[in-house]
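Please open the model in a viewer and set it to display side chains. The tour below proceeds by selection, one site after another.

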Amino acid sequence: MCDDAAPLLPVRAIGLAAIAGALVFTAGAAPKAHVPLLGAAVNLSFLESGDARYADTLRSVYRSLTPEIEMKMDKVQPERGRFDFAPADRIVAFARANGMRVRGHTLIWGKQLPAWLEQGSWTAAELKQILVAHIQTEVAHFRGSVRQWDVVNEPIADDGSGRLEPNLWYRVIGPGYIALALRAAHRANPAAKLFINEFNTDRNGVKVEALLRLVKRLKAQRVPLNVIGFQAHVRLDWYPSTQELTKIMRRFTRLGLRVEVTELDVPLGSSSTPLDELLAAQARVYAQIGSACRQVTACDGITTWGFTDASTWLGTDQRPLPFAADYTPKPAFFALLKAAGVRSTVPQP
Ligand code: G3I
């Protein structure tokens, strides 16, 4: 694989007037340099809240969007065979109107399953048919607008066992559900980049080894798989150094895969340390992870799980994201841009 093939951040002047006066961002890279795409998960109710700061910041700063919940199975297929794409369609329309990439999240996961599926009793043959039909219908619906799919989310158990997560798919179908899902997604859109997206694989440990074993097995079976997503839900006291994450990512890129940071956030925790010190420490964590993606030329993007502390699954008081709840950029924002190689004319605070 040629690392130079990493797509460049679309270079364009970005006005961020709504936030802090006339701000202009430019990609600070020479033509062949590697600049990861900046992305954010989107909360549709905030996007449609009428608070222009949310949409303005998103479209000004970010080039990639991930719907935070609207493409999950419980939302998309609330009854067997009845699909509802309307909310996700509205996010895709916003992205298209602003020339942004959309990461589809997520096709097959052990969580956020519709009640009819969780409460049913299924044979392996039935569940395989449900899995394939779900993927086929969702990927086909978004063909043309979504070319990246988290096909399998969180397949590795988080209990230190190094086994596959014993979710419904695994329990009924067996480990083959992963290859089945990837093959179905590939058939539905052969042009799409297919991800396995995992958490707590951002630091060395049993889970990284388990994910590597899985990937090697899939590769040996010639299963279509393009990218490993590193969620990077890290903490001030648990995060990888640039060197650690770079090494982990390269273990996967050496297998011919690309990588992305897909759900980065860094909660401040509950210590009594003064806020400005916590925010500075948070910025350093963002910088470590941003630098890793910048250094690994097969790392195509860095997505944070939200972008404003006003909307985060961790709770606003945890302030885990690059923008404050009032939409002012935080030290983490500047640190991330700098580390990722995106130059900004915003005066540094
Ligand atoms: O919108 C309803 C609201 O009407 C209702 O009153 C409220 C009561 O619980 O629920 C609201 O929906 C919640 C939704 O988030 C919107 O906030 C759901 O209950 C809640 O389950 C849902 O949580 C999401 C979670 O995934 C499950 O889908 C989080 O927002 C989202 O950040 C989280 O994201 C996951 C990634 O998909 C995978 N990796 C980990 C990551 C964090 O957990």
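Begin by selecting R101, V102, S145, R147 and Q148, which lie nearest the centre of the second largest pocket in this predicted model. In total, 15 residues line that pocket, and its volume is about 230 Å³. Two elements, α5 (86-97) and β5 (101-108), each give two or more residues to the lining of the second largest pocket. Colour α5 next: with three residues, α5 gives the most to this lining. By class, the lining of the second largest pocket holds six charged, five nonpolar and four polar residues.

Move now to the largest pocket, which holds about 390 Å³ of space. Which residues are the closest to the centre of the largest pocket? Select W109, E154, H233, E263 and W313, the closest of the 17 residues that line the largest pocket. Colouring the lining of the largest pocket by class will show seven charged, five polar and five nonpolar residues.

The next stops concern charges over rings. Select R103 together with F195: R103 lies over the face of F195, at 4.3 Å from the ring centre. Then select R203 and W238, where the charged end of R203 sits over the ring of W238, 5.8 Å from its centre.

The last stop is devoted to aromatic pairs. A pair of aromatic rings is described by the distance of the centres and the angle of the planes. The count for the model comes to twelve aromatic pairs. Select F307 and F323 to view one of them: an edge-to-face pair, 6.2 Å centre to centre, with 85° between the planes. F307 and F323 both belong to the loop between β10 (299-304) and α13 (331-340), 16 residues apart. Are these two rings buried or exposed? F307 is buried, because its relative accessible area of 1% falls under the 20% cut-off. F323 is likewise buried, with a relative accessible area of 0%.

Keep F307 selected and add Y327. The ring centres of F307 and Y327 are 6.4 Å apart and the planes stand at 55°, so this pair is tilted. Both F307 and Y327 lie in the loop between β10 and α13, so the pair ties together parts that are 20 residues apart in sequence. Y327 is buried too, at a relative accessible area of 3%.

Finally, extend the selection to F46, Y54, Y62, F307, F323, Y327, F333 and F334, which ring pairs link into a cluster.

Notes. Residues numbered from 1 in each chain as written. Predicted model: local features only at pLDDT ≥ 70, side-chain atom pairs only at ≥ 80, totals over all residues. Heavy atoms only, no water. Phe/Tyr/Trp six-rings, centres within 6.5 Å; stacked < 30°, edge-to-face > 60°. Helix = DSSP H or I, 4+ residues; strand = E, 2+ residues; numbered from the N terminus. Buried < 20%, exposed > 50% of the residue type's maximum accessible area, 1.4 Å probe, protein only. Lys NZ or Arg CZ within 6 Å of the ring centre and 35° of its normal. 1 Å grid on protein atoms, 1.4 Å probe; cavity = no way out; pocket = protein on both sides within 12 Å on 5 of 7 lines; lining within 4 Å. Points joined across faces, edges and corners; volume = space filled by probe spheres on them. Nonpolar A, V, L, I, M, F, W, Y, C, P; charged D, E, K, R; others polar.
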